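This report describes a protein chain for a reader who is new to structural description. Please look at the sequence and the model before reading on.

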Amino acid sequence: MNRALLLSAPSLAALLAGCSVFGSSIDLSEPAVVAPAASSDVTAIQRTPFKVGESSHTVEKLAKAQACTSTQGAGLVTEPGPIEVYRMQCQNGQVFMARCELRQCKRM
């Protein structure tokens, strides 16, 4: 009976990484420390003001069904129109987003 050796992806990656170091002059006895690259072009996060939209209440009900509650509620991210995107910050740290088209909302 012929049996194949099954390896998980992390095990296979570690095995192959070790093969590439064999015979090289790299010292593996000490861990390598990589310094973060200094970047001078840091961009600040752009914050949008909280806006209530036509479907905010509907999105809040959708979020509640997914165990997402918030003290602030669902805010409109896009411009008001036939297609709107809402964002709600849940108390557990997750973000709930929904897309509403003509007041018909679905989770994104």
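## Salt bridges

A salt bridge connects E101 with R99, and their closest N and O atoms lie 3.3 Å apart. The model in which this pair is found is predicted. E101 has a relative accessibility of 38% and therefore counts as partly exposed, since that class lies between under 20% (buried) and over 50% (exposed). R99, with a relative accessible area of 37%, is partly exposed.

In total, the count comes to 2 salt bridges. The other one is formed by R103 and E54, whose closest N and O atoms are 2.6 Å apart. This pair links distant parts of the chain: R103 lies in the loop between β3 and β4 (104-107), E54 lies in the loop between α1 (9-21) and α2, and 49 residues separate them. R103 counts as exposed because its relative accessibility is 57%, and E54 is exposed with a relative accessible area of 57%.

## Helices and strands

The protein chain contains 2 helices and 4 strands. Read from the N terminus, the order of these elements is α-α-β-β-β-β.

The 4 strands form an open sheet in the order β1-β2-β3-β4, with antiparallel pairing. At its edges are β1 and β4, each of which pairs on one side only.

## The hairpin of β3 and β4

How many bridges join β3 and β4? The two strands pair in the antiparallel sense over 4 bridges. Two residues already met in a salt bridge have partners across this pairing. E101 stands opposite Q104 in β4, while R99 stands opposite K106 in β4.

The hairpin of β3 and β4 has 2 residues between the strands. In this hairpin, L102 adopts a positive phi near 55°.

A general point helps in reading such strands. In a regular strand, side chains alternate between the two faces of the sheet.

## Disulfides

The structure contains 2 disulfides. When the bonded cysteines of the protein chain are numbered in sequence order, they pair as 1-2, 3-4.

One disulfide joins C68 to C90, with an S to S distance of 1.8 Å. It links distant parts of the chain: C68 is in the loop between α2 (56-65) and β1 (75-76), C90 is in the loop between β2 (83-89) and β3 (95-101), and the two are 22 residues apart. The torsion about the S-S bond of C68 and C90 is about -100°, so this disulfide is left-handed. Both cysteines, C68 and C90, are buried.

The other disulfide is formed by C100 and C105, whose sulfur atoms are 2.0 Å apart. Here the angle about the S-S bond is 110°, and the link of C100 and C105 is right-handed. C100 and C105 are also buried.

## The nonpolar core

Which residues make up the largest nonpolar core? It has 12 residues: V59, A63, C68, A74, L76, Y86, M88, C90, F96, A98, C100 and C105. At least two residues of this core come from each of α2, β2 and β3. The largest share, 3 residues, is supplied by β3. The cysteines of both disulfides thus appear again in this list, namely C68, C90, C100 and C105.

The surroundings of C105 can be described further. Leaving aside residues up to four places away in sequence, C105 touches S55, T58, V59, L62, R99 and C100. Among these, V59 and C100 belong to the core as well, whereas R99 takes part in the salt bridge with E101.

A general tendency gives context. In soluble globular proteins, nonpolar side chains tend to be buried together.

## The chain as a whole

Of the 108 residues of the protein chain, 18% count as buried. The accessible surface of the chain amounts to about 9,200 Å², and 58% of this surface belongs to carbon and sulfur atoms.

Contacts can also be sorted by separation along the sequence. Among contacts between residues at least 6 apart in sequence, 32% join residues at least 24 apart. The salt bridge of R103 and E54 offers one example of a link between distant parts of the chain, and the disulfide of C68 and C90 offers another.

Technical notes
Residues are numbered from 1 along each chain as its sequence is written. This is a predicted model: local features need pLDDT of at least 70, side-chain atom pairs count only at pLDDT 80 or more; totals for chains, interfaces and linings use all residues. Side-chain values use heavy atoms; hydrogens and water are left out. A disulfide is a pair of cysteine sulfur atoms within 2.5 Å. Buried means under 20% relative accessible area, exposed over 50%, partly exposed in between (1.4 Å probe, protein chains only). A salt bridge is a side-chain nitrogen of Lys or Arg within 4 Å of a carboxyl oxygen of Asp or Glu. Contact means heavy atoms within 4.5 Å. Accessible areas come from the Shrake-Rupley method with a 1.4 Å probe; for residues, only the protein chains shown count as cover. A nonpolar core is a set of buried Ala, Val, Leu, Ile, Met, Phe, Trp, Tyr and Cys residues joined through side-chain atoms within 4.5 Å. Two strands pair if DSSP finds at least two bridges between them.
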